[in-house]
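This briefing goes through one protein model from the overall fold down to single residues. Please look at the structure before reading the notes.

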Amino acid sequence: MAELDQHEGEQDLEKKIQETRQRFKNEFLQDSTEKYDSRDVERLQQDDALVEGYLTWRLYVVDDALKMIDESFQWRKEFGLNDLTESTIPRWMFETGAVYLHGYDKEGNKLFWFKVKLHVKDAKTMQDKKKYVAFWLERYAKKEPGMPLTVVFDMSESGLSNIDMEFVRYIINCFKVYYPKFLSKMIIVDMPWIMNAAWKIVKSWLGPEAISKLKFTTRSEIQTFIGPEYLPAHMGGTDPFKYSYPPLPDDDFQTPICDNGPIVSEDETESKEGEMESKDALESSFNSEVAVKPKKVNFLEDSLRAEDNDKGDISARTKGARKPLTTFKGPLLDVSPAEELSFGSGETEKKSLIILSNVTKNQVAFKVRTTAPEKYRVKPSSSCCEPGASVDIVVSLHGGSQASPQDRFLVMAAEMDNAGSQELAQFWKEVPKTKVMEHRLRCHVLESVKPTVSPLRDSPVETATSGQQELNTALMRVTACTSRLEQKLNTCLWVQKVLVGLVLILVVLNLLCLYLLGASQRPS
């Protein structure tokens with residue numbers, strides 16, 4: 001019954017997506033095609049997830065979704081979003097560090113930081129600031145499509161001179177209209193009391209669909225949403241990150257460790273170009289994970305040997321790995337899964353499979369990198385794929401490591417023209433970045449089903465630890481609330497004393513007036 005309801009729901013969604021596309025074409029495109037960028041219109045016709053995002057944000061009311069699409073597409077053309085690059089933004093904006101993407105919250109959502117104290121209200125630079133915010137949002141949307149953001153307004157050391165209501169309203173509209181389903185939470189940290197009135201206005205701009213996403217917090221409470229590893233020191237965190245430009249901050253993707261040991265990265269091979277030929281060949285063989293002898297190998301020999309040696313090994317290697325169900329269609333490789341690698345805590349949930357399919361007429365070199373190289377083993381992490389062929393890559397958790405929503409994987413691929421004459425390590429050093437396809441995968445942590453009878457040696461400790469963490473969090477919240485109430489109570493008492501003083505003064509003045517009035521009426 002549940003499967004039938006789900007199937008009917010999917011059919012209804014498909015109908016609404018088709019209706020939205022058809023009505024947009026009939027009602028908006030026929031009037032004028034110059035209002036929109038043709039690339040956005042084409043994407044709307046091809047990308048179901050984009051249309052679904054608008055429909056979801058407007059509670060599946062097609063009329064409201066169409067208005068939102070119209071407004072956002074006009075904005076995209078006005079700001080030239082499809083052609084917006086780093087070079088089109090004034091350099092000084094990047095250097096201020098007032099806005100940037102870095103780190104993840106506890107749910108695995110990317111953090112979009114606004115350092116309010118670094119913002120100065122200036123009408124002359126307003127348009128550039130708006131483009132600057134749009135640049136970051138568009139950059140993230142292309143790198144991690146479908147993944148929401150958590151916006152953090154760091155208001156420490158800020159004042160009224162740093163608040164620009166027009167700019168704040170623009171940021172709200174970015175998430176309310178221009179990027180549907182993009183906002184996970186909006187966290188305001190250490191807001192001065194003098195700005196309460198301003199943020200009441202902001203709440204009215206958010207609308208009912210986003211008002212629940214607004215979170216006011218203090219430094220002591222921020223760790224409810226963000227772990228200390230992604231918080232700066234002034235918020236009680238341990239993150240050593242310091243913003244600097246250039247380059248733009250990005251995830252720290254590193255070469256993972258394969259089953260045979262660490263793989264030598266391109267950076268290391270660049271620094272060792274002058275060493276012995278045999279050592280250089282050994283490094284490249286570790287990179288391709290097929291040869292162990294210190295001799296040069298080419299891609300033709302590599303693929304033939306891999307085909308002979310791995311036929312009986314592939315099934316054993318992929319056994320127990322979670323099979324992907326979705327596919328990302330790329331220009332060089334189709335990548336399965338499209339967005340997420342799923343891991344759980346059970347023994348049968350510690351492996352996931354990435355399938356790469358070559359859709360070109362040439363060999364394609366690929367490599368996989370991760371933000372947590374100490375936790376995962378990837379085999380093969382770097383190799384090549386023949387035209388029309390597929391490669392199975394097993395990603396497994398190492399030892400007792402646990403997957404986290406913050407973990408990311410980067411699949412890089414580049415087409416090889418002269419496959420037989422180059423080494424893999426040398427190829428990656430020489431290939432231009434413009435010819436490299438990149439696709440990111442995030443981790444999805446499966447919820448484990450707790451057994452009815454837990455092992456005696458585990459359950460009391462786990463329960464105690466969990467209970468203690470919850471108790472600590474509750475105590476922190478109570479302490480913070482008590483502190484705020486105490487401050488408000490002191491303020492009320494002070495105001496009460498002032499009012500009592502004023503009342504006494506008024507009583508004395510009234511008595512004095514009555515006395516003078518009585519004295520003036522007495523007969524002399």
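The notes below cover the chain as a whole, its cores, its empty spaces and some local backbone features.

The model is predicted. The protein chain holds 14 helices and 17 strands, and 43% of its 524 residues count as buried. Its largest nonpolar core has 77 residues, its largest pocket encloses about 1,300 Å³, and its largest cavity has a volume of about 80 Å³.

**Chain overall**

- Among contacts in the protein chain with a separation of 6 or more, 75% are between residues 24 or more positions apart.
- The exposed area of the protein chain is about 29,200 Å², and carbon and sulfur atoms supply 55% of that area.

**Nonpolar cores**

- In soluble globular proteins, nonpolar side chains tend to be buried together.
- Within the 77-residue core, the residues that touch the most other members are Phe112, Trp136, Phe153 and Phe175.
- Helix 7, which spans residues 165–178, contributes the largest share of this core, with 9 residues.
- Beyond its neighbours within four places in sequence, phenylalanine 175 is in contact with Trp57, Phe112, Leu137, Leu149, Val151, Phe182 and Leu183.
- There is also a second, separate core of 25 residues; among them are Leu332, Phe343, Ile354 and Val395.

**Largest pocket**

- The lining of the largest pocket comprises 37 residues, and those closest to the pocket centre are Arg43, Asp47, Ala49, Pro145 and Gly146.
- By residue class, this lining splits into 14 nonpolar, 7 polar and 16 charged residues.
- At least two lining residues come from each of helix 2 (38–46), helix 3 (48–57), helix 4 (62–79), helix 6, strand 8 (328–329) and strand 17 (436–445).
- Helix 3 has the largest share of the pocket lining, at 5 residues.

**Cavities**

- Rolling a probe the size of a water molecule over the atoms shows where empty space is left.
- The count of cavities of 30 Å³ or more is 3.
- The largest cavity is lined by 11 residues, with Lys110, Tyr140, Lys143, Asp250 and Arg440 nearest its centre.
- Strand 1 (99–104) and helix 6 (126–143) are the elements that give two or more residues to the lining of the largest cavity.
- Helix 6 gives the most to that lining, with 3 residues.
- The lining of the largest cavity contains 7 charged and 4 nonpolar residues, and no polar ones.

**Glutamate 415**

- Glutamate 415 sits in strand 16, which covers residues 408–416.
- Is glutamate 415 buried or partly exposed? Its relative accessible area is 31%, so glutamate 415 counts as partly exposed, a class that lies between the cut-offs of 20% and 50%.
- Apart from neighbours within four places in sequence, the contacts of glutamate 415 are Leu332, Thr360, Asn362, Gln363, Val364 and Phe427.
- Of these, Leu332 is also a member of the second, separate core.
- The C-alpha atoms of glutamate 415 and asparagine 358 are 9.7 Å apart, while the two residues are 57 residues apart in sequence.

**Cis peptide bonds**

- Tyrosine 245 and proline 246 are joined by a cis peptide bond with omega of about -10°.
- Proline 246 is placed in the loop between strand 5 (214–217) and strand 6 (257–258).
- Another cis peptide bond runs from lysine 379 to proline 380, with omega near -10°.
- Proline 380 belongs to the loop between strand 13 (376–379) and strand 14 (382–385).

**Positive phi outside glycine**

- Glutamate 157 is not a glycine, yet has a positive phi of about 65°.
- This residue, glutamate 157, lies in the loop between strand 3 (149–154) and helix 7.
- Glutamate 157 counts as exposed because its relative accessibility is 67%, and the cut-off for exposed is over 50%.
- Aspartate 190, also not a glycine, has a positive phi of about 55°.
- The loop between strand 4 (183–189) and helix 8 (196–206) is where aspartate 190 is found.

Methods: Residues numbered from 1 in each chain as written. Predicted model: local features only at pLDDT ≥ 70, side-chain atom pairs only at ≥ 80, totals over all residues. Heavy atoms only, no water. 1 Å grid on protein atoms, 1.4 Å probe; cavity = no way out; pocket = protein on both sides within 12 Å on 5 of 7 lines; lining within 4 Å. Points joined across faces, edges and corners; volume = space filled by probe spheres on them. Helix = DSSP H or I, 4+ residues; strand = E, 2+ residues; numbered from the N terminus. Nonpolar A, V, L, I, M, F, W, Y, C, P; charged D, E, K, R; others polar. Core = buried A, V, L, I, M, F, W, Y, C linked by side-chain atoms within 4.5 Å. Buried < 20%, exposed > 50% of the residue type's maximum accessible area, 1.4 Å probe, protein only. Contact = heavy atoms within 4.5 Å. Areas by Shrake-Rupley, 256 points an atom, 1.4 Å probe, with all protein chains shown as cover.
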